[in-house]
Amino acid sequence: MAASMELSLDNLPSDPLLSILSFLDFRDLINCSFVSRRLNELSAHNPLWKGLCIKYWLLTESDRAVQGHTWRHLFKEFYEDLGCYMEHYAVLKKAWDQLKAYLDNRCPRMIASLKEGAKEEELDAIEAQIGCKLPTDYRCSYRIHNGQKLVVPGLMGSMALSNHYRSEDLLDIETAAGGFQQRKGMRQCLPLTFCFHTGLSQYMAMEATEGRCCSDIFYHCPDQMAQDPSAIDMFITGNSFSEWFTTYVENVVSGEYPIIRDQIFRYVHDKQCVATTNDITVSVSTSFLPELSSVHPPHFFFTYRIRIEMSPDASPDAACQLDSRYWKITNANGNVEEVRGPGVVGEFPVMTPGKVHEYASCTTFSTTSEFMEGHYTFHRLGNKEEVFHIAIPRFLMICPPFRESLVRSGSANDVSRHFSEDKSDDGEEYEESELRGLNMANQGGRCPRHI
């Protein structure tokens, strides 16, 4: 009787077993295939591998149809080629797919400039050329797309003012390797981006040296007050390639970074920076310009973009014209400055129902943050004697995290006001932080304040 009550895998129905197997990861599923003939057969069930192909490789039915293989064979094929990137591949592939889908109809030239993914042996050759290991997430992304052709506008965002333009390309691995830095202050730093107009690059630290953490991504900023040319401060933009790239993509596809004239502009809009007075709404977006900023001397450059819109439901009698502006500017020390002037950037826009007027201006300040608020003065077109104010919402501009040059301090301290990583007094053999010469505008060439 006892023998007849024994359960065997061979006697159990397939459906509950397949349901159990569906909860296993691919490694456990493979291990199960060695337990018995029955589990070997069940672990090869195609739908089990379909889920794993979707999870790790973001494959679709159309991908399988093109390949003409079973899901299990397809998983094995991708694993043999990209298995060392499983931790990063799905996240980065999703980001690339989202970015391409979003830009396909908005900036087709950018999509056309993307290069096919690099081969594994090509990345190995680059490591041998520069003499250090590339981060795994960086390699993974470059297996998907090997950067872009050097074109304008660049994939990694633009910024334009009346006398200044920046547009950053995502460098292919060969070009990046050509700019690999070994000199004092910039040892083991690989450029990620490049701007034709400013010569500006964002760099990634390949090793933890000279005060940088491995995989830090940053803009360099020469210390203009130091006698040592290798004294370089850094504006930090990311702590790893994955974080840096996926955060940028999220800002693009969410509409946080607007697309203007087929270019991605890296303005940041705080949804609370909106004020409505009667029928007119004013909203503000801001952007930090590292290429026009410095830590020594403290000079932080921001541009802001203002959108003024009259409701389409407003009465025709509400038509009005902007006469003047008033700004109240408060810096991090609590010092207040007030600015008044006619119009905005030399214009006196007329607002009618449904009309939108946008303009960009800029400001510089010597503390690490500043906020601005104020109002515009308008008059009615039908009655010039009717004068009224339209509120400009308060908006905050904060310098991104930075590290000062270790040459200046003579220690390994992290002296950034905003940077939240560990501070160290251990006297490690750091020297300083430098990069290629930054195209810094002179004082006379900078934008006027608060126009």
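This passage walks through a four-stranded sheet, a few buried residues, the aromatic pairs and the cysteines of a predicted model.

A good place to start is the sheet. Four strands make up an open sheet, arranged in the order 12-13-14-18, and their pairing is antiparallel. As a reminder, the strands of a sheet pair through backbone hydrogen bonds, in either a parallel or an antiparallel way. In the sheet described here, the edges are strand 12 (268–277) and strand 18 (356–365), each of which pairs on one side only. With direction ignored, neighbouring strands of this sheet are turned by 20° against each other on average.

Within this sheet, strand 13 (residues 280–288) and strand 14 (residues 300–310) run antiparallel and are joined by nine bridges. One residue pair helps to locate this pairing in the structure: V284 has I306 in strand 14 as its bridge partner. The loop between strand 13 and strand 14 contains E291. Is E291 buried or exposed? E291 counts as buried, because its relative accessibility is 0%. The side chain of E291 also makes a polar contact with the side chain of H164, at 2.8 Å.

V284 appears again among the contacts of another residue, I392. I392 belongs to strand 20 (residues 387–398), and with a relative accessibility of 4% I392 counts as buried. Leaving aside residues up to four places away in sequence, I392 touches V282, V284, Y326, W327, E373, G374, H375 and Y376. For one of these, E373, the spacing can be followed along the backbone: the C-alpha atoms of I392 and E373 are 5.7 Å apart, although the two residues are separated by 19 residues along the chain.

Attention now turns to the aromatic rings. The structure contains 30 aromatic pairs. One of them is formed by W57 and F78, a tilted pair with 6.0 Å from centre to centre and 35° between the planes. W57 sits in helix 5 (residues 46–57) and F78 in helix 7 (residues 71–82), so this pair ties together parts that lie 21 residues apart in sequence. Both partners are buried: the relative accessible area is 1% for W57 and 17% for F78. The value for F78 still falls within the buried class, because that class covers anything under 20%.

A second pair leads back to the sheet. The ring centres of F288 and F302 are 5.2 Å apart and their planes meet at 55°, so this pair is tilted. F288 comes from strand 13 and F302 from strand 14, so the pair links distant parts of the chain, 14 residues apart. F288 is buried, with a relative accessible area of 13%, and F302 counts as buried at 3% relative accessibility. W57 and F78 are also part of a wider group, in which ring pairs link F26, W49, Y56, W57, F75, F78, Y79 and Y89 into a cluster.

Finally, the cysteines deserve a look. How many disulfides does the structure hold? The number is zero. C189 is in no disulfide, and the nearest cysteine sulfur, which belongs to C132, is 9.6 Å away. A disulfide requires two cysteine sulfur atoms within 2.5 Å, so the distance of 9.6 Å from C189 to C132 does not qualify. C189 is buried, with a relative accessible area of 0%. C53 likewise counts as buried, at 0% relative accessibility.

Terms used
Residues are numbered from 1 along each chain as its sequence is written. This is a predicted model: local features need pLDDT of at least 70, side-chain atom pairs count only at pLDDT 80 or more; totals for chains, interfaces and linings use all residues. Side-chain values use heavy atoms; hydrogens and water are left out. Buried means under 20% relative accessible area, exposed over 50%, partly exposed in between (1.4 Å probe, protein chains only). Helices (H or I, at least four residues) and strands (E, at least two) are DSSP runs, numbered from the N terminus. Contact means heavy atoms within 4.5 Å. Two strands pair if DSSP finds at least two bridges between them. Axes are lines fitted to C-alpha atoms, for helices over the stretch in contact, and angles run from 0 to 180 degrees between N-to-C directions. A polar contact is a pair of N or O atoms within 3.5 Å; within protein, one must be able to donate a hydrogen and the other to accept it, and residues adjacent in sequence count only if both atoms are side-chain atoms. Rings of Phe, Tyr and Trp (its six-membered ring) pair if their centres lie within 6.5 Å; planes under 30 degrees apart count as stacked, over 60 as edge-to-face and the rest as tilted.
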